[in-house]
Amino acid sequence: QVQLMESGGGLVQPGGSLTLSCEGFGMLMSINAMAWYRQPPGKQRELVASVTRRGIANYADSVKGRYTISGDWRSLSLQMSSLKPEDSAVYYCNAGGVTTSGTYQPYNYWGQGTRVTVSS
């Protein structure tokens, strides 16, 4: 059974930094990429960053230069810096794959989420 567990969320001031972690258990060989999503209050869940087994990372435009994704299905992290109030959301870890065009494809493996609040 695939399980993902996020941790590291909390309250941080604008301009501050935070690192999220995700531990994976029971992964399948078909999983060849991992990602972080976030869901701001009242909005849809959105892809923030992904990384393939080969270490190729991609980022949403809104977080480029501020966020860094690293790791694999066993241990995945998201380093966040220069945080803004609009970064406030519940952050989710996801296990998935990559399409032939290089797009991240989420599988139905999600963690419970960890809340990040950026506020003074």
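**Salt bridges around Arg-38**

1. Let's start with Arg-38 and Glu-46: these two form a salt bridge, and their closest N and O atoms sit 2.7 Å apart. Keep in mind that this is a predicted model.

2. The two partners differ in how they are placed. Arg-38 is buried, at 4% relative accessible area, whereas Glu-46 is partly exposed, at 32%.

3. Arg-38 has another partner, too. Asp-87 also makes a salt bridge with Arg-38, with 3.0 Å between the closest N and O atoms. Arg-38 belongs to strand 4 (residues 33-39), while Asp-87 comes from the loop between strand 8 (75-80) and strand 9 (89-98), so this pair ties together parts 49 residues apart in sequence.

4. What about the burial of Asp-87: buried or exposed? Asp-87 is buried, with a relative accessible area of just 1%. Its partner Arg-38 is buried as well, at 4%.

5. Zooming out a little, these contacts belong to a network of salt bridges that links Arg-38, Glu-46, Arg-66 and Asp-87. When you look at the structure, it's worth picking out those four residues together.

6. Now for another pair: Arg-74 and Asp-72 form a salt bridge with their closest N and O atoms 3.7 Å apart. That still counts, because the cut-off is 4 Å. Asp-72 is partly exposed, with a relative accessible area of 33%.

7. How many salt bridges turn up in the whole structure? The search finds 5, including Arg-38 with Glu-46, Arg-38 with Asp-87 and Arg-74 with Asp-72.

Conventions. Residues numbered from 1 in each chain as written. Predicted model: local features only at pLDDT ≥ 70, side-chain atom pairs only at ≥ 80, totals over all residues. Heavy atoms only, no water. Salt bridge = Lys/Arg side-chain N within 4 Å of Asp/Glu carboxyl O. Buried < 20%, exposed > 50% of the residue type's maximum accessible area, 1.4 Å probe, protein only. Helix = DSSP H or I, 4+ residues; strand = E, 2+ residues; numbered from the N terminus.
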